[in-house]
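Okay, thanks for coming, everyone. I'll put the structure up and then walk you through a few spots in it.

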Protein chains: 2
Amino acid sequence: MGDSHRVVILGGGFGGLYAARALRRAGVQVTLIDRRNFHLFQPLLYQVATGGLSPGDIAAPLRAVLRKQKNARVFLAEARDLDAEQRRVILDDAYVEYDTLVVSVGARNHYFGHDEWGEFAPGLKTIEDATEIRSRVLMAFEAAEREPDPEARRAWLTFVVVGGGPTGVELAGALGEIANDTLKDDFRSFRPEESSILLVEHDSRILPPYPEKLSVKAENALIRLSARCITGTRVTAIDGEGVELAGPAGTYRIRSRTVLWAAGVAASPFGEALARRAGAQLDRKGRVVVGPDLSIPDHPEIFVIGDLANARGGDGNPLPGVAPVAMQQGRYVGRAIIDRLAGRTVEPFRYRDKGNLATIGRAAAVADLGPLHFNGFAAWVTWLFVHLMYLVGFQNRVLVLVQWAFHYLTHNRGARLIGPPPAGPSPSVDGDATALRRQTPARA
Amino acid sequence: MGDSHRVVILGGGFGGLYAARALRRAGVQVTLIDRRNFHLFQPLLYQVATGGLSPGDIAAPLRAVLRKQKNARVFLAEARDLDAEQRRVILDDAYVEYDTLVVSVGARNHYFGHDEWGEFAPGLKTIEDATEIRSRVLMAFEAAEREPDPEARRAWLTFVVVGGGPTGVELAGALGEIANDTLKDDFRSFRPEESSILLVEHDSRILPPYPEKLSVKAENALIRLSARCITGTRVTAIDGEGVELAGPAGTYRIRSRTVLWAAGVAASPFGEALARRAGAQLDRKGRVVVGPDLSIPDHPEIFVIGDLANARGGDGNPLPGVAPVAMQQGRYVGRAIIDRLAGRTVEPFRYRDKGNLATIGRAAAVADLGPLHFNGFAAWVTWLFVHLMYLVGFQNRVLVLVQWAFHYLTHNRGARLIGPPPAGPSPSVDGDATALRRQTPARA
């Protein structure tokens, strides 16, 4: 034991990073492995997707975060497979040996068996997802500016968000703000306020895990930003022209050029390696079923935490895939490793639910903090404070605060970059009476 | 004339934007066309390339910049060709009619006939160039961390910058700072200070357009950051393994996995459309030769400004492709259009050279402001002030100032994101005695 005990942590998200930090004074060797070189503050990804923040603002380099932790090292690599007998993680063309393994590789977008929807309805899990969504949303307004046909323009100005959980609500709110505030005077051939923002939710109300009163408050806040909630409704098809919905009133189609996916995630494929190589059991969503101490049966040296884990809460249901769960699990596992090495008994993991927060556009939010339910400005300030507090890296906090203060005062959004134009011809541009005319037959 | 006079501006860089702004009170219709939706503050691109700033910090949405200018509209489109007879700019599948055309589409990287070098030695013209360079530089340190062979590691830790002009000097200085300060304690298997940074310049000294004394000061500042200048030396080959150099001592090879190009730019291909369709004359670098009023012969209604223009300075030489030239030309052309419509005589364009500034790492710079030559901290503060003053968009100024203050105080760099891993297998990872072992034969 002691210095020779090798802890390998897969994934530098909240779970992995909190586990590494909990081990900072332990006499173990920590190796953190991630495909990317930064920790991503996922709760603010939607702000990048809607031009409020830059990718760098919500990403902290893992090396910088762990610089002072002398017992930790970082490898940039992808874990491909596992050899549970030899206790090795297989990388592309190397392996790493462990005495204890902590797997915290998260989740990815899941289209309920319709992977072909991914092309038309990007989800929001990575920095690249966020900049892709940002480009699509801004490009839709650009295309509307050049579109003379009112019906076609309407399709460019219709935004459908699938999934009425916190991410969907935050996306829809931010879109409403962009259309009603940010871009207000930016266009000449239409008014951005004409946009339709539709939030589609399968359940009978948005934010289903929150108390019903807050769902109503959230819906009202969205309505003020001209976003409409379509509840009790399933998406049955998505293509480049729009979505098909099945609701209480039957099946119908909505023309939309921009569909965003906030409906479902599934565990990362590394769960299958755990099942194949270590006999782990997977649930329907691909999550790894773990015991009370978050390790897998027959392999007490392998912990699984965060979105990849199916850990039971006090009510017997799996804990939700949110940042606070991953943080608490990471910290727990770090301590459990220390306790085991010291020969102390390890108590089962217990999640302490400190509540839920969701923000809806500028200066509005809903908060469900146990006995406290509140909304509006107070909830928004709470949301701001909680998120800033957890933003890893001091510089990011200051930058994010400056950007938010600026948004709040000016209704502006700074990070409005559209990605590079595709190699092929650009999207169809059509005429405007004075400045832009449809191209007449080929020139001499 | 009056409201019916249509001014079309191609390119939203310094030239195009200053021209559009100079027309803000004129009774004309302004249409600004750009492939991208943002104005890019190119003098700070090297800061994005070296992780000091985020792309959003140096990019201002064109629509936001021109929001209040009611006589201006913005189109996101690429100008493909010109019909000088009908006075039309041809877009992908539409055209735009003009009465006056201002072409300010800039320059692109130029490899002196060796386009194959582009793959190995990215230049620094676009946001994507900058994030690509950032990924390569950070990835080189990551690869060095995993490389057990000392010689191969040395190639990862050797950075070659080709071209000793202001961009090359700024890149080399920023690389020196990254190696000596930013990443100091981030790695476990080598010290970033072991890195070699080599700045290769064809001329006998770096910063050839500056007074000789400042070249020496700049070289000393670079040496303090462990960057070495190799002057009087040409690059004769670049590939994935390094560069071949031909200097006073003959031809030799330097092993390096990261080569950056700051040596040459050529005018944008739209110059060829001007030559083909409007009889414009191009110089050796593809720039359009313009008259004293910056219009092209036989087409007084077509102005060419910025990096695309070959305009003679007071000394008979073409003006350099720098931001102040483009800004002054844009402002001049805007006024010339107003004067012409009012029937007033248009004076020839005269560039007023306010000096040159280049920064070298943290808190050092050289300034050549006419009679004033200075260097060190005073020049750095001047540089900071001048660049902040011109940063378009208030929010960006505040953000950039916060980031710089933070760098200055902590030697940290926030925007250290490496792009997504390639789809194929990741770069070769080799063993380290304790944590990472070379993969043994395929597993059972």
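Before the first stop, one term: when I say two strands pair, I mean DSSP finds at least two bridges between them. And keep in mind that what you see is a predicted model.

Let's start with chain A as a whole. Chain A has eleven helices and 26 strands. It runs to 444 residues, and 57% of them count as buried. If you take the contacts in chain A between residues at least 6 apart in sequence, 62% of those join residues at least 24 apart.

Now that pairing business. Find strand S23 of chain A, residues 356–359. Four bridges connect S23(A) to S24(A), and the two run antiparallel. Within that pairing, Asn356(A) sits opposite Asp368(A) of S24(A). Then look at the pairing of S24(A) with strand S25, residues 372–375 of chain A: four bridges again, and again antiparallel. Here Asp368(A) faces His373(A) in S25(A). So how enclosed is strand S24 of chain A? Four of its five residues, 365–369, are buried, so the strand is largely enclosed by the rest of the structure.

That brings me to the cores. The largest nonpolar core has 66 residues. Among the residues with the most contacts inside it are Ile58(A), Phe141(A), Ile360(A) and Val366(A). Which helix gives this core its largest share? That's helix H4 of chain A, residues 127–145, with eight residues. Zoom in on Ile360(A) for a second: leaving out neighbours within four places in sequence, its contacts include Val169(A), Leu222(A), Leu225(A), Ala365(A) and Val366(A). There's also a second, separate core of 65 residues, and that one includes Leu53(B), Ala140(B), Leu157(B) and Phe190(B).

Still in chain A, have a look at Gly164(A). It's in the loop between strand S11 (158–162) and helix H6 (166–182). Buried or exposed? Gly164(A) is buried, with a relative accessible area of 0%. Not counting residues up to four places away in sequence, Gly164(A) touches, among others, Val169(A), Leu199(A), Glu201(A) and Pro208(A). Val200(A) is another residue it touches, and although the two are 36 residues apart along the chain, their C-alpha atoms are separated by 6.3 Å.

Another one I like is His39(A), in strand S3, residues 38–40 of chain A. His39(A) is buried too, at 2% relative accessible area. What does its side chain reach? The backbone oxygen of Gly12(A), at 2.9 Å. And the C-alpha atom of His39(A) is 5.2 Å from that of Ala60(A), with their positions 21 residues apart along the chain.

Over to chain B for a sheet. You'll find an open sheet of three strands there, in the order S14-S15-S16, with antiparallel pairing. Its edge strands are S14 (234–239) and S16 (250–255), each pairing on one side only. Ignoring direction, neighbouring strands of this sheet are turned by 20° against each other on average. Strand S15(B), residues 242–247, shares six bridges with S16(B), and Gly247(B) stands opposite Gly250(B).

Next, backbone angles. Most residues other than glycine have a negative phi. Two exceptions to show you. Asp298(A) has a phi near 70°, and it lies in the loop between strands S20 (295–296) and S21 (299–304) of chain A. Leu294(B) also has a phi near 70°, and its loop runs between strands S19 (288–289) and S20 (295–296) of chain B. Which is buried and which is exposed? Asp298(A) is exposed, with 74% relative accessible area, while Leu294(B) is buried at 1%.

Leu294(B) also turns up as a contact of Gln329(B), which lies in helix H9 of chain B, residues 323–341. Gln329(B) counts as buried, at 1% relative accessibility. Its other contacts, setting aside neighbours within four places in sequence, include Ile305(B), Leu319(B) and Phe349(B).

Last stop, cysteines. How many disulfides does a search of the whole structure find? Zero, over all chains. As for Cys229, the copy in chain A is buried at 12% relative accessibility, and Cys229(B) is buried with 13%. The cut-off for buried is under 20%, so both values fall below it.

That's my tour, thanks for listening.

Technical notes. Residues are numbered from 1 along each chain as its sequence is written. Chains are lettered from A and ligands numbered from 1 in the order in which they are written. This is a predicted model: local features need pLDDT of at least 70, side-chain atom pairs count only at pLDDT 80 or more; totals for chains, interfaces and linings use all residues. Side-chain values use heavy atoms; hydrogens and water are left out. Buried means under 20% relative accessible area, exposed over 50%, partly exposed in between (1.4 Å probe, protein chains only). A disulfide is a pair of cysteine sulfur atoms within 2.5 Å. A polar contact is a pair of N or O atoms within 3.5 Å; within protein, one must be able to donate a hydrogen and the other to accept it, and residues adjacent in sequence count only if both atoms are side-chain atoms. Axes are lines fitted to C-alpha atoms, for helices over the stretch in contact, and angles run from 0 to 180 degrees between N-to-C directions. A nonpolar core is a set of buried Ala, Val, Leu, Ile, Met, Phe, Trp, Tyr and Cys residues joined through side-chain atoms within 4.5 Å. Contact means heavy atoms within 4.5 Å.
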